[in-house]
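This report concerns a predicted protein model and describes selected features of its strands and core.

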Amino acid sequence: MRTSTHPCSRLLVLLLVLSGASEQSDGNEWQVQQPEGPMLVAEGETLLLRCTFVGSCLDDMIKWVKVSNQDQQEIYNFKHGIFPGVTPMIQRTLEPLNCDYSIYIHIVTREHAGTYHCVRFDGLSEHPEKKLDEGTSVLVKGAGDSEPDLWIMQPQELVSSTTGDTVLLNCTVLGNGPPGPIRWFRGSGLSREAIYNFEGLSHPNVTAVRASKSDFSILLHGVSTEYAGTYYCVKFQRKLNRQYLSGQGTRLRVKGLLSVLTLVVLGLKAVTLAAFLLALAVRRRNPRQEDCRTPGPAELCSF
């Protein structure tokens, strides 16, 4: 005798397999990515501090700590607490957390100068921030201070695109600063990727705009989902061969076919179980309905 599987059963199994594969891919390894800086912000403005965790990020045991003159201060805690003047970036972009623990510090003052660390903690260590090697250095220009020799402005916080698009990433550099090139990077830390160098070799699918002397914007041609990430416009000091100043970064999100399918799967997961149970209920109410699909005496299909 041949038994048939209900279509709803097959769909449910498929979605559960996809869900399980996605959940099993989350490992226990993680890595924090935040820009080195330094970043320059004027008093009264809003500072964006970026932080992304790569790897397992299923919990919210993340906080920001500022270190200045050997003093440590908790700036924001994603688990608990009230922190006036500080908000997470996700509240403004209305996006899922997705391992992004960036924050805004509003109405910046001189007291906000220092080095900021994005920390993952287990609630047991008293000072987990000591385990971090690097942070984001922030400089604050006061109202009475002289003009700095260099400003780097990246006005785009988030750019959304689809596969195959050409994407514009804006960067304006005011002033000269020390001799050295302007470069673009994707990501931060030792794993960051060089994207464009205005005085050297660059990625083949990237071109400069140079609409003016202060314009250091770039175009990414034919983007794919692999282009997603946070891009930084950075000034280097040639003599010391070190990073001199960094922009606040622009996050690029690229939607491809896989992203669309993922959204469909996640959406179907929410209703599949209900639909499956409803189909079973209907089948139980009409137990002879399945028999009408096979040839047989006409009286078998009369209700």
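The text below treats strand β19, the nonpolar cores and one serine.

The model is predicted: local features require pLDDT of at least 70 and side-chain atom pairs pLDDT 80 or more, whereas totals for chains, interfaces and linings use all residues. Residues are numbered from 1 along each chain as its sequence is written, and side-chain values use heavy atoms, without hydrogens and water.

Helices (H or I, at least four residues) and strands (E, at least two) are DSSP runs numbered from the N terminus; strands pair if DSSP finds at least two bridges between them. The pairings of β19 (229-237) are as follows.

| Strands | Sense | Bridges | Opposed residues |
|---|---|---|---|
| β15 and β19 | antiparallel | five | Arg 186 and Tyr 231 |
| β19 and β21 | antiparallel | three | Tyr 231 and Thr 250 |
| β19 and β20 | antiparallel | four | Gln 237 and Arg 242 |

Eight of the nine β19 residues are buried, so the strand is largely enclosed by the rest of the structure; buried means under 20% relative accessible area, with a 1.4 Å probe and protein chains only.

The largest nonpolar core (buried Ala, Val, Leu, Ile, Met, Phe, Trp, Tyr and Cys joined through side-chain atoms within 4.5 Å) has 26 residues, and Tyr 231 is among those touching the most other members. Strand β11 gives the most to this core, with three residues. Another core, apart from it, holds 20 residues, including Trp 64 and Cys 118.

Ser 102 lies in the loop between α2 and β8 and counts as buried because its relative accessibility is 2%. The Ser 102 side chain reaches the backbone nitrogen of Cys 51 at 3.1 Å, a polar contact (N or O atoms within 3.5 Å, one able to donate a hydrogen and the other to accept it; residues adjacent in sequence count only if both atoms are side-chain atoms).

Definitions and conventions:
Buried means under 20% relative accessible area, exposed over 50%, partly exposed in between (1.4 Å probe, protein chains only).
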